[in-house]
Structures are given as C-alpha cells and as structure tokens.
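Please look through the sequence and the structure below before reading on. The paragraphs that follow go through a few parts of the structure in turn.

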Amino acid sequence: MQLDFLSENWELIAWGVPGVWVVIILTILWMIPRIDFRIGSKAVVVECMGFALRRIPLVDIDRISKRLKGEPEVWRNPLKGNHRMLVLYRKRGKRPVVITPHNRYIFRKQLEMILGRLPAKAD
C-alpha cells in the first residue's frame, strides 16, 4: 500500500525535498541581515525583526574588545562582518560573545558608558 504511493508520486517527492531545503536556506539568508543589536536597561539584546533572540546581562559583561581570544558564541548580521566585530567577554570564564553592530565604535562607547554607571560588586 505504501509503496504504491511512492511509486505514483516519486517525481513530486524527488522535487519536493530539495525544494524545501532551498526555501529553508533562502529564508535563513534573508533573515541574517535583519539581526540587530541594542542596549537595554539590563542587557545587550540580540533581536531579529523585533523578537529577542539572545540577552546578555550587563552585569555579566567583563570587558569589550575588537580582538577575539577563545571559542566564541557568534551573533553576526552581515555575511562578512569582521570590520564590525565586537567581542563581549563575560565574567567567570564563560564563552565570549561576538556581535556585529552597525557602527561598532558608537555601540562600544555607549556600552562602556552604561557599564561604567553600574554599581561595582565585590566578587
């Protein structure tokens, strides 16, 4: 019974499976440039079309750099964004987070100002 369905519709299946993969890949490529970064009151937010994908708490950020050391968690919006890369090093040895804001120098300055206002905690 099941083999009759496969033998009758093999062309549809043969074109449908790769077609679905092409749609998935095109959707991902369409969504990558729509990833944006903003600084909230309590976290750096990675969002796509207004939906928060990832939050990095401000109290968890140790320092900000342009240079990467270690194995990062990568959130980038352009396909080639090394010139826009910022690395957020986190406290207690957690993996650094790589983000690519539109203007990394302005974003970094704003983030450093906000981090400077946070109360210092004794670890």
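**A walk through the model**

Apart from its neighbours within four places in sequence, Met49 is in contact with Trp30, Met31 and Arg34. The model is a predicted one. Met49 sits in the loop between S2 and strand S3 (51–57). Its relative accessible area is 45%, so Met49 is partly exposed, being under the 50% that exposed residues must pass. Lys80 is 31 residues away from Met49 along the chain, and the C-alpha atoms of the two are separated by 20 Å.

Next comes the interior. The largest nonpolar core has 16 residues, and those touching the most other members are Val44, Ile61, Ile64, Leu88, Ile99, Phe107 and Leu111. At least two residues of this core come from each of strand S1 (35–39), strand S2 (43–48), strand S4 (61–65), strand S6 (86–90), strand S7 (97–99) and helix H3 (104–117). Phe107 shows what such a residue touches: leaving aside neighbours within four places in sequence, Phe107 has contacts with Phe37, Arg38, Ile39, Val44, Leu86, Ile99 and Pro101.

Nonpolar residues also occur on the surface. Ile13, Val17, Val20, Trp21, Ile24 and Ile28 form a nonpolar patch there, and together they have about 550 Å² of accessible area. One of them, Val17, lies in helix H2 (residues 10–31). Val17 has a relative accessible area of 47%, so it counts as partly exposed.

Charged side chains form pairs as well. How many salt bridges does a search of the whole structure find? The search finds five. In one of them, Glu47 pairs with Arg38, with the closest N and O atoms 3.0 Å apart. Glu47 is buried at 14% relative accessibility, whereas Arg38 is partly exposed at 37%. In another, Glu73 pairs with Arg54, and here the closest N and O atoms are 2.6 Å apart. Because Glu73 lies in strand S5 (residues 73–75) and Arg54 in strand S3, this pair ties together parts that are 19 residues apart in sequence. Glu73 is buried, at 18% relative accessibility.

A further salt bridge joins the side chains of Asp60 and Arg90, at 3.9 Å from N to O. This pair links distant parts of the chain, with Asp60 in the loop between S3 and S4 and Arg90 in strand S6, 30 residues apart. Asp60 is buried, with a relative accessible area of 7%, and Arg90 is buried at 15%. Salt bridges with shared partners join Asp60, Arg90 and Lys94 into one network. The side chain of Arg90 also reaches the backbone oxygen of Arg95, at 3.1 Å.

How values were computed
Residues numbered from 1 in each chain as written. Predicted model: local features only at pLDDT ≥ 70, side-chain atom pairs only at ≥ 80, totals over all residues. Heavy atoms only, no water. Core = buried A, V, L, I, M, F, W, Y, C linked by side-chain atoms within 4.5 Å. Buried < 20%, exposed > 50% of the residue type's maximum accessible area, 1.4 Å probe, protein only. Helix = DSSP H or I, 4+ residues; strand = E, 2+ residues; numbered from the N terminus. Contact = heavy atoms within 4.5 Å. Patch = residues over 30% accessible without salt bridge, like charges linked within 9 Å, V, L, I, M, F, W, Y side chains within 5 Å. Areas by Shrake-Rupley, 256 points an atom, 1.4 Å probe, with all protein chains shown as cover. Salt bridge = Lys/Arg side-chain N within 4 Å of Asp/Glu carboxyl O. Polar contact = N/O pair within 3.5 Å; in protein donor to acceptor, adjacent residues only side chain to side chain.
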